[in-house]
Amino acid sequence: MGEMAEGVAEAGKKCMSIPQLAGAETLLSSGGKEVPLSSINGKRTCLFFSAHWCRPCRNFTPKLLQIYKKLRNTGKNIEIIFISLDHDEISFLDHFKCMPWLALPFNTGLRQKLFKQFDIEHIPALIPLSTKIYDGFGIEEDAVKLVEEYGVDAYPFGEKRRHELEGMDDARRQGGNLQELLGCKERNYVISADGIKIPISDLNGKTIGLYFGAHWCPPCRTFTKQLREVYNELKTLRPGNFQVIFISMDRNEEEFQASLTEMPWFSIPYSDITMQELSRIFTIKGIPTLLILGPDGKAYKTDGRTVISKYGAMAFPFTESRTYEMEESLKKERDSLPHRVRDHRHEHELELDMTKAFICDECQQKGQNWVFSCKQCNFDLHPTCVQESTDVNI
C-alpha cells in the first residue's frame, strides 16, 4: 500500500492539468493574440524552454522552426509552447517574433515554477507532454538531442520514438547493405571529384574506408596525404579491392570542393542528409576518422586512421587479425636488429627507432617503421642500408 502511495505521489509530480500548465486560460499566438488554452487539446504538445540571451537556443530555434513547418505541412497535429527564460519582456518578444507557435505570456509568475517542476537543467529544452498519466500531462525526456540528430524523423519525439530510431540505426550499421547505408531514396550513387556518378552497387564486395574529414582541419589535410599514398599504392598492388568514400565535415560547398581536389576517391554529395546520418550511426566524435567496412559491408573494430598511419598499405585489408600480424612481424624484426650501430659513412652513433615515414640518406628511398637514426643530426638509414663498422648492440 505504501509503495502504491509513493507511486501516485511521484506521478503527481510528473503531471499537471491544462489550467495548472498555463496559470491562466490563455496563451499567446505568434501574432500576439490571446488564444484559449483548450486549443492544444488533442495535439502533440511540447514545451520549449528557451531564451534570447542563450546562443545554443538561438542556434536550435531555426532547426526546430524548420521541423515544425514540415510537420504542420504534412498534417501532423503538433503544437509547441514557448516558455521564456528571458530577463525582460522586450527580449522575450524579440525571441518570440520568429516563432510560429504559441507562448506562455511573459508576465506570468509560472515560468520559473515550470522550469523547476520539469527539472530543466539547461536550455534549450524541448519537453514533449504525454497524456498517459491520469488526465493530466506527463513529462517525457528532453527531445533537443533527438531533434538535432534525427530532424523531422524525431516526431513524435518521445522515448518510444527514440528507441525506434536507434533500432533503425543499428539495422543500417549491422545490415551490410551498402545502398541502405550510403544511399537514400533519391540517390543510389556516390560521386567522383569531377562529379561523375558511380553506382553504390559497384562498391559491393570491396573493402571500403569511410573517411570523415574537412579541409579546414589541419590534421585532416595531413592524413589525406597519407591515405592518398596508401590508396594509390593499393590501386596498383590490389586493383579494385579498396575504395574510399569521403564524408565531408566541411563548413560550406567551397571547402568541400577544396577537399575533393586532393582526393582521388569518391564522396557523398555535399549537404546530403546521409553525411549527418553516418556521423550519428557510427558515433563519430572527431576528425579525421577512417572507418573500415569489410567486403560484407560491415564495419571492423579497427581504427583505420591509426592502422594506415602506422603500417600503410601493408596492413590491407585492415582487419584486427592483419593488424596483429603486422605488430608481431615488427616486433620480430626489432628483435633481430641491434639497438645501436656505427656506420662508417656517419660520424655519430645511430639508434634503432620507429617512425611513420623517412627518407634514407643512403638510397634516397622512402622508409617506414624501423630506422637507424642519428639523435644529433638529421641522418637516417634503412636497416638494410647500414654498413656496420662496430656493433654496439646492448
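Select Leu 291 and Asp 303 to begin: Leu 291 stands opposite Asp 303 in strand β15. The model on the screen is a predicted one.

**Stop 1: the hairpin of β14 and β15**

Extend the selection to residues 289-293, which form strand β14, and to residues 299-303, which form β15. The two strands run antiparallel and are joined by two bridges. Together β14 and β15 make a hairpin with five residues between them. In the turn, pick out Gly 297, which has a positive phi of about 85 degrees. Now look at what surrounds β14. Four of its five residues are buried, so β14 is largely enclosed by the rest of the structure.

**Stop 2: strand β11 and its partners**

Keep β14 selected and add residues 207-213, which form strand β11. Five bridges join β11 to β14, and the two run antiparallel. To find one of these pairings, select Ile 208 in β11, whose bridge partner in β14 is Leu 293.

Next add strand β12, residues 242-248. Here the sense is parallel, and β11 pairs with β12 over seven bridges. A pair to click on is Gly 213 and Ser 248, where Ser 248 is the residue in β12 that stands opposite.

How many of the residues of β11 are buried? The count is seven of seven, and the strand is described as mostly covered. Turn the view to compare the two directions in which the residues point. Thr 207, Gly 209, Tyr 211 and Gly 213 point one way. Ile 208, Leu 210 and Phe 212 point the other way, and all of these residues are buried.

**Stop 3: Ser 279**

Select helix α11, residues 273-281, and within this helix Ser 279. Ser 279 is buried, with a relative accessible area of 17%, and this counts as buried because the cut-off is under 20%. Leaving aside neighbours within four places in sequence, Ser 279 is in contact with Phe 212, Met 249 and Ile 284. Phe 212 was among the residues of β11 at the previous stop.

**Stop 4: two helices that pack**

Select helix α9, residues 218-237, together with helix α12, residues 304-311. Two packed helices are described by the angle between their axes and the distance between the axes. For α9 and α12, the angle is about 65 degrees and the axes are 10 Å apart. The crossing of α9 past α12 is left-handed.

Which residues of α9 meet α12? Show the side chains of Pro 219, Phe 223, Gln 226, Leu 227 and Val 230. On the α12 side, show Arg 305, Ile 308 and Ser 309. Sorted by class, this contact has five nonpolar, two polar and one charged residues.

**Stop 5: the cysteines**

A disulfide is a covalent bond between the sulfur atoms of two cysteines. How many disulfides does a search of the whole structure find? The result is zero. Select Cys 217 and Cys 220: the sulfur of Cys 220 is the nearest cysteine sulfur to that of Cys 217, at 3.1 Å, and Cys 217 is in no disulfide. The 3.1 Å does not qualify because a disulfide needs the two sulfur atoms within 2.5 Å. Cys 217 is buried, with a relative accessible area of 5%.

Then select Cys 374 and Cys 377. Cys 374 is in no disulfide either, and the nearest cysteine sulfur, that of Cys 377, is 3.3 Å away. Cys 374 is buried, and the relative accessible area is 5%.

**Stop 6: a strand with two faces**

Select strand β16, residues 340-343. Which face of β16 is covered and which is uncovered? Val 341 and Asp 343 form the covered face, while Arg 340 and Arg 342 form the uncovered one. Now add strand β17, residues 350-359, which runs antiparallel to β16 and is joined to it by two bridges. Arg 340 stands opposite Glu 351 in β17. The hairpin that joins β16 to β17 passes through six residues.

**Stop 7: Ser 50**

Select Ser 50, in strand β4, residues 44-50. Ser 50 counts as buried, at 0% relative accessibility. Beyond neighbours within four places in sequence, the residues in contact with Ser 50 include Cys 57, Phe 82, His 95 and Ile 123. Add Phe 92, which is 42 residues from Ser 50 along the chain; the C-alpha atoms of the two are separated by 9.5 Å.

**Last view: the whole chain**

Clear the selection and show the chain as a whole, which has 13 helices and 20 strands. Buried residues make up 46% of its 394 residues.

How values were computed. Residues are numbered from 1 along each chain as its sequence is written. This is a predicted model: local features need pLDDT of at least 70, side-chain atom pairs count only at pLDDT 80 or more; totals for chains, interfaces and linings use all residues. Side-chain values use heavy atoms; hydrogens and water are left out. Buried means under 20% relative accessible area, exposed over 50%, partly exposed in between (1.4 Å probe, protein chains only). Axes are lines fitted to C-alpha atoms, for helices over the stretch in contact, and angles run from 0 to 180 degrees between N-to-C directions. A crossing is left-handed if the near helix is turned anticlockwise from the far one by less than a right angle, and right-handed if clockwise. Contact means heavy atoms within 4.5 Å. Ala, Val, Leu, Ile, Met, Phe, Trp, Tyr, Cys and Pro count as nonpolar, Asp, Glu, Lys and Arg as charged, and the others, Gly among them, as polar. Two strands pair if DSSP finds at least two bridges between them.
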